Amino acid sequence: MTAKKNIRVRIAPSPTGNLHIGTARTALFNWLYAKHNGGVFVLRIEDTDLERSDVAFEKDIMENLRWLGLIWEEGPGAEAGENIGDYGSYRQSERLASYEKYIRQLLDENKAYYCFCTKEQLEDERQAMLVQGLAPKYSGRCRSLPLEETKQRLLSGESHVIRFKMSEAKISFKDLIRGSVSFDLGLMGDIAIAKDLKAPLYNLAVVIDDYEMKISHVIRGEDHLANTPKQIAIQNALGFPGPHYVHLPLILDKDRSKMSKRHSATSIREYRDQGYLPEALINFMAFLGWHPQDDKEILSIDGLVEEFDIARVQKAGAAFNIDKLDWLNAQYIKQSDDAELLKSLISFEPRLNDVPEKTALKMIASTKDRLKKLADFTDLTDFLFELGNYDGVLLNWKDTDSAKTINYLTIVDKLLPDVEEIKQFADKEGRGEVLWPLRVALSGKSASPGPFEIMEVLEEAEVRRRIGLAIKKLENG
RNA sequence: GCUCCUAUCGUCUAGUCCGGUCUAGGACGCCGCCCUUUCACGGCGGAAACUCGGGUUCGAAUCCCGAUGGGAGCACCA
């Protein structure tokens, strides 16, 4: 681990929804970068939008970040007002005094101004510019309002917003995975930075927080690329040094469109509820847009930390491939310890509580290799708890007739506690002829684990009962 | 519409910075075979890609330009 000094990164979600898989991946890349370089990973809650923010979402974000193992060294504590770390509150709603100070500074230095344009006016202007084939931006109507007039209108309680005086300059910055990127600030117009002294907007709040929290690298989604020049302009106006920037390619849906709830599960919670293991999700997310130097596909979290290199991150968006996630998850399930698996499986199949632990472990052993998700366990093992109804004709192997099958099952029943005897019998008579009906009798299914595996789980009396039932079905069939 | 980013198998990607070792490697998925009472697991094998057009060069997946495709952004959201 190469220890670079003062590497501080952050994940800054807004609590307007459950932890999104895209946010989780951004968090992971930040976390990996911090861990690989001996830096600090900070969580900051961007809840300046009071309308849309909800503490329930904040809770979900923190809980699932923890579940994934992406623990922050600094960030908000569980309760409002609680913080871990030395850089003030890590919730934007609790940092209003700080924003106000800088908004006033900008206003005093004539780098920002009050704007009284109505939303309707703004929308009309926007449409007009679009029609002309121009990039829509604020006209600057209120930019040079006389100080007296501004005071008057403020006093009269007119609704307003605070805008930043954007220069016409071209600005370019270095992105650690994209190289130099340039924008024309003249195309952006005077952006709104606050609704009021006590109501900052995103672009302003980010700049102040990243500065005050001494963030060294801003690693975020590519959707923020066009915000970067705006934020740099604000930094310059405030005299802040800028952080390094890294814009990650976005996760795209299977059809390469923007990831949406319509096509895929978008929240970590949903994946968790389906029984994806955190290790699998981490491995999968890390490999969306990044790859180690060698051909490894399965990398533990430690391996990821060891090998992670931000320079190897892809530039183009990565389509979400659920099949690969399923495969990875199956690999991790296979590697898991049965007793550990039992703990997680209980929430998917509560009946596991009602059987002896030894039996539960045997159920897991027989089914583990068939699971893609933990949620699959229920369907796959239902017959072990309760034999479902099935068609008696399923009992006959290929073109064996029922009379023969009845005979086989009867003999098996007599041989019963002795598995070795049954095996020898099957070898003599033909495995398909004997084992297929036995397995169907025990499972009631065309596909299942083998009969001897099932017999490991079932009580002898239950085995006999099921065989008897099968014989009855054949006799009546 | 305008701006920015981007481009290797269906998908995730190695290779691209430092042109030749690339008749382009791995993984998922797909197909076939083996193992096998079934399903799954596992093993083996196969099909499958350098977006296109110019240039530079003895030589380009790799460098340059353009076109095209894809993505993102253009809020009193973040």
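**Close-up views of a predicted protein–RNA model**

Isoleucine 215 is buried, with 6% relative accessible area. This residue opens the set of legends below, which describe a predicted model.

**Figure 1. Isoleucine 215 in the loop between α6 and β11.** The view is centred on isoleucine 215, which is buried because its relative accessible area of 6% is under the 20% limit. Its C-alpha lies 5.5 Å from that of valine 9, although 206 residues separate the two in sequence. The two elements that flank the loop of isoleucine 215 are α6 and β11. Both α6 (202-212) and β11 (217-221) also supply at least two residues each to the lining of the largest pocket.

**Figure 2. The largest pocket, with a volume of about 1,500 Å³.** Its lining comprises 49 residues, and those closest to the pocket centre are Pro13, Ser14, Thr16, Thr23 and His224. Elements that each provide at least two lining residues are β1 (8-11), α1 (21-37), β10 (199-200), α6 (202-212), β11 (217-221) and β13 (251-252). Helix α1 gives the most, with five residues. Sorted by class, the lining holds 19 nonpolar, 16 polar and 14 charged residues.

**Figure 3. The second largest pocket, which encloses about 770 Å³ of space.** Here 26 residues form the lining, and Leu122, Val161, Arg163, Ala192 and Leu201 are the closest to the centre. At least two lining residues come from each of α4 (119-131), β6 (161-164), β9 (192-196) and α6. The largest share belongs to α4, which supplies five residues. The lining has twelve nonpolar, five polar and nine charged residues.

**Figure 4. Leucine 201 in the loop between β10 and α6.** Leucine 201 is among the residues closest to the centre of the second largest pocket. With a relative accessible area of 24%, leucine 201 is classed as partly exposed, because this value falls between the limits of 20% and 50%. Serine 216 is 15 residues from leucine 201 along the chain, and the C-alpha atoms of the two residues are separated by 22 Å.

**Figure 5. The protein surface near RNA strand B, formed by 69 residues.** The closest of these residues are Arg52, Arg178, Gly289, Arg370 and Arg431. Of the atoms of RNA strand B that come within 4 Å of the protein, 75% belong to sugar and phosphate. By class, this surface has 29 nonpolar, 17 polar and 23 charged residues.

**Figure 6. Polar contacts between the protein and RNA strand B, including those of cysteine 117, phenylalanine 287 and arginine 439.** A polar backbone atom of cysteine 117 is placed 2.8 Å from a base nitrogen of the strand. Phenylalanine 287 also takes part through its backbone, with an N or O atom 2.7 Å from a sugar or linking oxygen of RNA strand B. For arginine 439, a polar atom of the side chain lies 3.3 Å from a base oxygen of the strand. Two or more residues of the surface near RNA strand B come from each of α4, β6, β8 (179-184), β9, β14 (318-319), α11 (322-335) and α17 (431-443).

**Figure 7. Cysteine 115 and cysteine 117 in a structure with zero disulfides.** The closest cysteine sulfur to that of cysteine 115 belongs to cysteine 117, and because the two are 3.8 Å apart they are too far for a bond. The sulfur of cysteine 117 has its closest cysteine sulfur in cysteine 142, at 3.6 Å, which is also too far for a bond. Cysteine 115 is buried at 1% relative accessibility, and cysteine 117 is buried at 11%.

**Figure 8. Lysine 368 in the loop between α13 and α14.** The loop lies between α13 (357-367) and α14 (376-385). Lysine 368 counts as buried, since its relative accessible area is 13% and the limit is 20%. A polar atom of the lysine 368 side chain lies 2.8 Å from the backbone oxygen of serine 336.

**Figure 9. Helix α7, residues 228-238, which is mostly covered.** Ten of the eleven residues of α7 are buried. Among them are Thr228, Pro229, Lys230, Gln231 and Ile232. Ala233, Ile234, Gln235, Ala237 and Leu238 of α7 are likewise buried. Glycine 239 follows the helix, and its phi is positive, near 75°.

Conventions
Residues are numbered from 1 along each chain as its sequence is written. Chains are lettered from A and ligands numbered from 1 in the order in which they are written. This is a predicted model: local features need pLDDT of at least 70, side-chain atom pairs count only at pLDDT 80 or more; totals for chains, interfaces and linings use all residues. Side-chain values use heavy atoms; hydrogens and water are left out. On a 1 Å grid over the protein atoms alone, a cavity is a set of points where a 1.4 Å probe fits but cannot get out, and a pocket is an open set with protein on both sides within 12 Å along at least five of seven lines; lining residues have an atom within 4 Å of a point. Grid points are joined across faces, edges and corners, and a volume is the space filled by probe spheres set on the points. Helices (H or I, at least four residues) and strands (E, at least two) are DSSP runs, numbered from the N terminus. Ala, Val, Leu, Ile, Met, Phe, Trp, Tyr, Cys and Pro count as nonpolar, Asp, Glu, Lys and Arg as charged, and the others, Gly among them, as polar. A residue is near a molecule or strand if one of its heavy atoms lies within 4 Å of it. A polar contact is a pair of N or O atoms within 3.5 Å; within protein, one must be able to donate a hydrogen and the other to accept it, and residues adjacent in sequence count only if both atoms are side-chain atoms. A disulfide is a pair of cysteine sulfur atoms within 2.5 Å. Buried means under 20% relative accessible area, exposed over 50%, partly exposed in between (1.4 Å probe, protein chains only).
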